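User: I would like to learn how to read features off a protein model. Could we work through one together?

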Amino acid sequence: MIIGIIASLIGMIVLIAIIFINTSSEFGAKSEGDRLKRIEKSEHYKDGKFHNLSETNVDGDINYIKTLGEYFTKGNKVPDWSIPVKKITPETISKTADSVTKITWFGHSALLLEMDGMKIFLDPMLGEVPAPHPLLGSKRFNDTLPLAIEDIPILDAVIISHDHYDHLDFGSIKKLKEKVKHFYVPLGIGAHLISWGVSEENITEMDWWESTNLAGIELTAAPSRHFSGRGIGDRSRTQWSSWIIKGKTNSIYFSGDSGYDTHFKEIGEKFGPFDLAIMECGQYDKQWPLIHMMPEETVQATIDVKGKLLLPIHWGAFKLGLHSWTDPAERVTKTASEMNVSITTPIIGEAIVLGNETPQSHWWERTSEVKN
């Protein structure tokens with residue numbers, strides 16, 4: 001009797017999951033027609049999926065039972081306070097001079113870049129939970145955003161690094177799409193955007209080392225060491241990228257998600273130096289060392305790409321790893337100091353102005369001068 005009830009419950013859960021996966025728009029869509037043909041011509045695509053430059057075991061060496069237990073029980077993985085956010089206004093953005101390069105961190109890997117009069121949003125994941133359903137993920141550490149999605153002004157471009165939920169958010173794209181003039185994405189991600197109502201002519205898909213021009217700003221998709229996927233059976237069917245953004249006076253590197261590898265040095269040799277290296281630094285673990293960097297590797301990668309200033313990202317927003325929530329900031333600032341690498345650590349919403357303002361407070365320590 002009891003076994004039958006349990007079996008029925010399991011069957012019902014599986015059925016609900018199958019229906020959800022096959023009917024929810026959150027999961028995006030598969031490339032077809034000409035878009036699929038272009039993917040199949042990529043030298044980085046074979047056997048139905050994309051591959052990293054170096055052999056990469058995406059699954060690492062994970063003890064799933066132990067990891068699940070640690071995820072929920074061990075360490076201070078979330079802050080016991082709503083972390084500070086500096087509020088900004090649409091007027092603040094509209095008043096930015098064309099000669100100024102300004103970067104505003106929205107938490108995790110979401111950043112607003114103002115360069116040469118252009119407004120570019122990188123990985124605008126502005127939702128509450130990085131998952132296809134609110135019950136399947138951890139809530140954002142801060143109670144508010146620097147600027148509500150509804151108040152974000154017209155954007156000249158959105159750049160996406162890959163299609164994981166903490167970087168490509170269905171709800172954010174649905175709210176932003178009418179404000180975005182053009183989307184620049186890795187191969188395969190266009191299908192997701194089209195299924196969410198973005199006009200096909202407003203999307204440019206790019207393979208590694210391909211470049212395009214945005215009103216004088218050169219955008220280049222470059223390798224990273226990671227993977228992709230939003231549902232069951234679609235791992236690595238879309239590409240993942242880092243991005244090189246070269247304006248009239250400033251050059252920026254955006255790592256996306258990446259494990260440490262030789263591509264950083266290659267990028268530095270081909271495109272460096274960079275005035276700012278925006279580098280992932282969070283959600284790492286020794287069990288998956290090839291797809292996310294340890295903080296010490298984040299600093300070394302900055303040196304490799306010839307970055308003059310490091311902005312660590314991919315932390316301070318969500319619980320996605322096993323480390324304490326302050327571990328990335330503590331380790332990366334310590335290593336940057338030891339290796340003589342300049343670093344900026346803004347509060348969410350606090351602007352970095354290249355050549356002028358480089359915030360460096362240890363706000364995660366919750367000192368008295370940091371206020372919500």
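**Reading the pockets, sheets and loops**

Analyst: Let us start with the largest pocket. α1 (2–23) and α3 (64–73) each supply at least two residues of its lining. Keep in mind that this is a predicted model.

User: Which helix gives the most to the lining of the largest pocket?

Analyst: α3 does, with five residues.

User: How much space lies in the largest pocket, and which lining residues are closest to its centre?

Analyst: The volume is about 1,500 Å³. The lining counts 40 residues, and P130, L136, Y165, F227 and L320 are the closest to the centre.

User: How does the lining of the largest pocket divide by class?

Analyst: It has 21 nonpolar, 13 polar and six charged residues.

User: Now the enclosed space. How many cavities of 30 Å³ or more does the structure hold?

Analyst: A cavity differs from a pocket in one point: a probe fits but cannot get out. The structure holds one cavity of 30 Å³ or more. The largest cavity has about 70 Å³ of space.

User: Which residues line the largest cavity, and what are their classes?

Analyst: Among them are K77, F141 and Q283, along with W315, G316, F318, H323 and W325. L320 is in this lining, and L320 is also one of the residues closest to the centre of the largest pocket. By class, the cavity lining has five nonpolar, five polar and two charged residues.

User: Q283 lines the cavity. What else should I read at Q283?

Analyst: Look at the backbone. Phi of Q283 is near 65°, a positive value in a residue other than glycine. Q283 sits in the loop between β13 and α8 (295–304). Next comes exposure. Q283 has a relative accessible area of 5%.

User: Why does Q283 count as buried?

Analyst: Buried means under 20% relative accessible area. Q283 is at 5%, so it is buried.

User: Which phi value does H314 have, and is H314 buried or exposed?

Analyst: Phi of H314 is near 70°, again a positive value in a residue other than glycine. H314 belongs to the loop between β14 (310–313) and α9 (327–338). H314 counts as buried because its relative accessibility is 1%.

User: What kind of peptide bond joins G272 and P273?

Analyst: Read omega. Here omega is about 0°, and the bond is cis. P273 lies in the loop between α7 (263–271) and β13 (276–280).

User: On to sheets. What is the general idea?

Analyst: Strands of a sheet pair through backbone hydrogen bonds, either parallel or antiparallel. Now the case here. Seven strands form an open sheet with mixed pairing, in the order β8-β7-β6-β5-β4-β3-β15. Its edge strands are β8 (203–206) and β15 (351–353), each pairing on one side only. On average, neighbouring strands are turned by 20° against each other, direction ignored.

User: In which sense do β7 and β8 pair?

Analyst: β7 (residues 183–186) and β8 pair in the parallel sense, over four bridges. Within that pairing, take Y184: its bridge partner in β8 is T204.

User: What is the strand order in the six-strand sheet, and is the sheet's pairing mixed or uniform?

Analyst: The order is β9-β10-β11-β12-β13-β14, in an open sheet with mixed pairing. β9 (211–214) and β14 each have a single partner strand, so one side of each is left without a neighbour in the sheet. The average turn between neighbouring strands is 15°, direction ignored.

User: Show me both pairing senses in this sheet.

Analyst: β9 and β10 pair in the antiparallel sense over four bridges. There, N213 has E218 in β10 as its bridge partner. β13 and β14 pair in the parallel sense, also over four bridges. A277 stands opposite L310 in β14.

User: What covers β14?

Analyst: Both faces of β14 are covered. L310 and P312 on one side are buried, as are L311 and I313 on the other.

User: One last residue. Where is S236 found, and what is S236 in contact with?

Analyst: S236 is found in the loop between β10 (217–222) and β11 (242–246). Leaving aside neighbours within four places in sequence, S236 is in contact with K49, F50, F227 and S228. S236 is buried, with a relative accessible area of 6%.

Key. Residues are numbered from 1 along each chain as its sequence is written. This is a predicted model: local features need pLDDT of at least 70, side-chain atom pairs count only at pLDDT 80 or more; totals for chains, interfaces and linings use all residues. Side-chain values use heavy atoms; hydrogens and water are left out. Buried means under 20% relative accessible area, exposed over 50%, partly exposed in between (1.4 Å probe, protein chains only). Contact means heavy atoms within 4.5 Å. On a 1 Å grid over the protein atoms alone, a cavity is a set of points where a 1.4 Å probe fits but cannot get out, and a pocket is an open set with protein on both sides within 12 Å along at least five of seven lines; lining residues have an atom within 4 Å of a point. Grid points are joined across faces, edges and corners, and a volume is the space filled by probe spheres set on the points. Ala, Val, Leu, Ile, Met, Phe, Trp, Tyr, Cys and Pro count as nonpolar, Asp, Glu, Lys and Arg as charged, and the others, Gly among them, as polar. Two strands pair if DSSP finds at least two bridges between them. Axes are lines fitted to C-alpha atoms, for helices over the stretch in contact, and angles run from 0 to 180 degrees between N-to-C directions.
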